[in-house]
Amino acid sequence: MNRREFNRLLSAGAIAGILPKSSFAFSSIKPNYDLPQKGNARLLHITDCHAQLNPIYFREPNVNIGLNQAFGRTPHVVGEAFLKKNNVTQSSIEAHAFTYLNFNSAAKEYGKIGGFAHLSTLIKSLRSSAGGTENTLLLDGGDTWQGSATAYWSRGKDMVQAANLLGVDVMTGHWEFTYQDEEVFSNVDDFNGEFLAQNIKLTEDALFEGKRSHDEDTGHVFKPYTIKELNGHRIAIIGQAFPYTPVANPKRFIPDWTFGIQNQDLQELVNAIKDEERPDAIIVLSHNGMDVDLKLAAVVTGIDFILGGHTHDGVPIPVVVKNSGGQTVVTNAGSNGKFVGVLDLNLDNGQLKGYEYKLLPVFSNFIEHDAEMTALIAEIRKPHLDTLTEELAVTESLLYRRGNFNGTFDQLICDALRHELNAEISLSPGFRWGTTVLPGQAITFEHVMDQTCITYPETYARDMLGNEIKAILEDVADNLFHPDPFYQQGGDMVRVGGMNYICDPTASFGNRISRMTLDNGKTIDANKYYKVAGWATVGSKAPGKPIWEVVSSYLRNQKVVNITKINSPELRNVKNNPGIVL
Amino acid sequence: MAISRRKFLNMLTIGSAACLTLLTPISAFAAWASDAFNATKPEDAYKNLFGSSDLAQSDEVKLKVPKIAENGGAVPVSVKTSMKNVESISIFVKDNPQPLTATFQIPAGTIPDISTRIRLAQTSTVTAVIKAGGKLYSKSQEVKVTIGGCGG
């Protein structure tokens, strides 16, 4: 990002006809949404909206540890270190968008972020200032059909409607594949844009049985790439779905599909596209996550841009990665409708001559809503409105999830599990999605669904040996802290309730977790059984009630929530890591 | 190609009942290499199979196997090479109770390109060894077997 220009524009005052009349009471600082086109083709990128149709709050992490090569490297910087690395002014509206700093007061000052009605106005404006839909593309990196109650109840259909109205041209996926495969195909068929994935193929058995595929010679389940013509220039877009979906999420919904990073296939595909299609630029629309994308950019040549998602990192300054064929620029566009990435390309004679990238924070109070989208959202929500708006309790604490270890909302879920299922210890998955609730706000059923609505929500309570619990923690810690990003499976650390431990992220597999104790201080014995409650089992369906029923029941009884103890581990050997502020 | 991949695969299965398989298992050539298959350490398995554990790492051995297994019970693995005079292709899983998992004899004139599924007891290094012109060439990769879950 060109900071000087951004800052100048921030203070420039009245701009663009998209601002609502009543927004200025909140703050004297206004974001600038007037971006004249640079170059001759504009790509707009959104990712990981997690089905948040309405504006919400979303707090960025204070723990996002990077180790080895990733130490202090984007996106593993938080708080002040983030501001410094990205030349963002202290206490600015940008600082609020990209970091957790002064979250409560800044959230009150600047208001909610995202929302499809506001996104729609902004995207229309960004398209029209670049010559309209003829010269622009809207790319969606996925995690669009999951994350809200209405998406869960409609099996993603509400989001397909909203994405169609928003005008999404191309998308790829991850949580999309947590619906049954037939439902995924039905949604893809209803989607007006193209659904791409070079790294999803039918298993050999499924191919043999003649299951649905895009191409039975190559085995691709979905179209791997597309060519779009913008302003007379040919742009190749390759889809890269989340490579570890059948490991991180249940395989039982998509038994016929096999994933993986497939960097060798990607290299062959890039080479073939260059030879056969002669595009002016090659873009990978990726759901790998930032660290995987950075490594991919180093090992695969010929890609101009990797527009990334999955890890929810708001990255204002893209990372330029050198490789043996030249360079690849890697971005990540955050989550929850909070950002729109604007990539202006200057293409000439089959070549990329230059580019300009901006990651625009979407502050809903500063953007007029789009009436048509507002009407669609109202129609989607209408049958469920009473259920969604039920106020279960009031929170005195800020409730959020995002971060390597327990967020306060995770702690609430873990406390609810222990209390309602009468367990000593609770486990909750380290997802990156889930909206934020401010102190003093009512916790609605919708908030609970924002944190929990998955297609495998069933809870369990069972006896586990101390060493089994350790094995789980070690396994998940390795999926997060493995030195090679291609071996990182994709989520944050499993959240725990009722127990404490020491974690050394820098240690080797099997040696990161130590000194496990119960909340009462007693050591967890490797050979003793403990009653453990949890949810979101990937192997087989758990027997208990859905997690949102457990949490809602707990909240109705609690009436007031105040999170005083967080079961985050005590960390070792990361004292000077710029990816952590405690 | 006028014939689809699915039809081709179907034809192969129908045909395979009537013809000999292209790659004949080692047992048809010699006594079952029981010493090699029963060895519990990779070094012993190499020695018992090849008479040597002197492996030269080579990028000419094209090993394709997932970095994280979707199912540790059936991990797809394929090995190919453009090397000449290939005699055999073998697959070893370092931390399996018996590391030697499969060995394929490659008769002269056969394209050295095999694929199969292997079972991993736990996270382990998988090594493909190609014997060509009397020498041993290898390529290794770690394959992670995880309990899964928690993905972003």
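# Exercises on a two-chain model

Of the 152 residues in chain B, 36% are buried. The model is predicted. Work through each task with the structure open.

## Exercise 1: Chain B

Task: Find how many helices and strands chain B has, and how the elements run from the N terminus on.

Solution.
- Step 1. Count the elements: chain B has 3 helices and 8 strands.
- Step 2. Read from the N terminus on: the order is α-α-α-β-β-β-β-β-β-β-β.
- Step 3. Turn to the contacts in chain B with a separation of 6 or more: residues 24 or more positions apart account for 62% of these.

## Exercise 2: Where chain B touches chain A

Task: Count the contacting residues on each chain, then find which element of chain B gives the most to its side.

Solution.
- Step 1. Take both sides: 17 residues of chain B are in contact with 33 residues of chain A.
- Step 2. Assign the chain B side to elements: helix H1 (residues 5–16) of chain B gives the most, with 3 residues.
- Step 3. Sort the chain B side by class: there are 5 nonpolar, 6 polar and 6 charged residues.

## Exercise 3: Two domains in chain A

Task: Give the bounds of the domains of chain A and describe the contact between them.

Solution.
- Step 1. Start from the domain assignment: domain 1 of chain A covers 3–378 and domain 2 covers 389–571.
- Step 2. Place them: their C-alpha centres lie 28 Å apart.
- Step 3. Count the contact: domain 1 of chain A supplies 40 residues and domain 2 of chain A supplies 30 residues.
- Step 4. Look at the domain 1 side: helix H4 (103–110), H6, helix H10 (245–248) and helix H12 (290–299) of chain A each supply at least two residues.
- Step 5. Sort that domain 1 side by class: 20 residues are nonpolar, 16 polar and 4 charged.

## Exercise 4: Strand E12 and its partners

Task: Determine which strands of chain A pair with E12(A), and in what sense.

Solution.
- Step 1. Take strand E10 (residues 305–308) of chain A: it runs parallel to strand E12 (residues 326–332) of chain A, joined by 4 bridges.
- Step 2. Pick a pair: Leu307(A) has Thr331(A) in E12(A) as its bridge partner.
- Step 3. Take strand E11 (residues 319–323) of chain A: it pairs with E12(A) in the antiparallel sense over 5 bridges.
- Step 4. Pick a pair here too: opposite Lys322(A) stands Gln327(A) in E12(A).
- Step 5. Check the connection: E11(A) and E12(A) form a hairpin, with 2 residues between them.

## Exercise 5: The two faces of helix H13

Task: List the buried residues of H13(A) and explain why they line one face of the helix.

Solution.
- Step 1. List them: in helix H13 (residues 371–381) of chain A, Met373(A), Leu376(A), Ile377(A) and Ile380(A) are buried.
- Step 2. Look down the axis of H13(A): the buried residues fall within an arc of 95°, so they line one face of the helix.
- Step 3. Recall the general rule: an α-helix has 3.6 residues a turn, so residues three or four places apart point the same way.
- Step 4. Go to the face turned away from the buried side: it carries the exposed residues Ala371(A), Ala375(A) and Glu379(A).
- Step 5. Find what the buried residues of H13(A) pack against: helix H5 (116–128), helix H6 (149–153) and helix H7 (157–166) of chain A.

## Exercise 6: The sheet E17-E15-E23

Task: Identify the edge strands of this open sheet of chain A and the helices that contact its strands.

Solution.
- Step 1. Write the order: 3 strands run E17-E15-E23 (chain A), with mixed pairing.
- Step 2. Find the edges: strand E17 (442–444) and strand E23 (560–561) of chain A each have a single partner strand, so one side of each is left without a neighbour in the sheet.
- Step 3. Examine strand E15 (residues 391–395) of chain A: it runs parallel to E23(A), joined by 2 bridges.
- Step 4. Locate a pair: Val394(A) is opposite Val560(A) in E23(A).
- Step 5. Add helix H16 (residues 445–452) of chain A: it packs on the sheet and touches E15 and E17 of chain A, its direction making about 60° with that of E17(A).
- Step 6. Add helix H18 (residues 547–558) of chain A: it lies across E15, E17 and E23 of chain A, at about 60° to E15(A).

## Exercise 7: The sheet E21-E20-E24

Task: Find the edge strands here and the angle at which H17 of chain A runs to E21(A).

Solution.
- Step 1. Write the order: this open sheet of 3 strands is E21-E20-E24 (chain A), and its pairing is mixed.
- Step 2. Name the edges: strand E21 (513–518) and strand E24 (570–571) of chain A each pair on one side only.
- Step 3. Follow strand E20 (residues 499–503) of chain A: it pairs with E21(A) in the antiparallel sense over 4 bridges.
- Step 4. Locate a pair: Cys503(A) has Ile513(A) in E21(A) as its bridge partner.
- Step 5. Read the angle: helix H17 (residues 466–481) of chain A lies across E20 and E21 of chain A and runs at about 130° to E21(A).

Methods
Residues numbered from 1 in each chain as written. Chains lettered and ligands numbered in written order. Predicted model: local features only at pLDDT ≥ 70, side-chain atom pairs only at ≥ 80, totals over all residues. Contact = placed C-beta atoms within 7 Å. Nonpolar A, V, L, I, M, F, W, Y, C, P; charged D, E, K, R; others polar. Pairing = 2+ DSSP bridges. Buried ≥ 20, exposed ≤ 12 C-beta atoms within 10 Å, placed from the backbone. Arc of directions from axis to C-beta. Axes fitted to C-alpha atoms, helices over the stretch in contact; angles between N-to-C directions. Domains from an automatic or database assignment.
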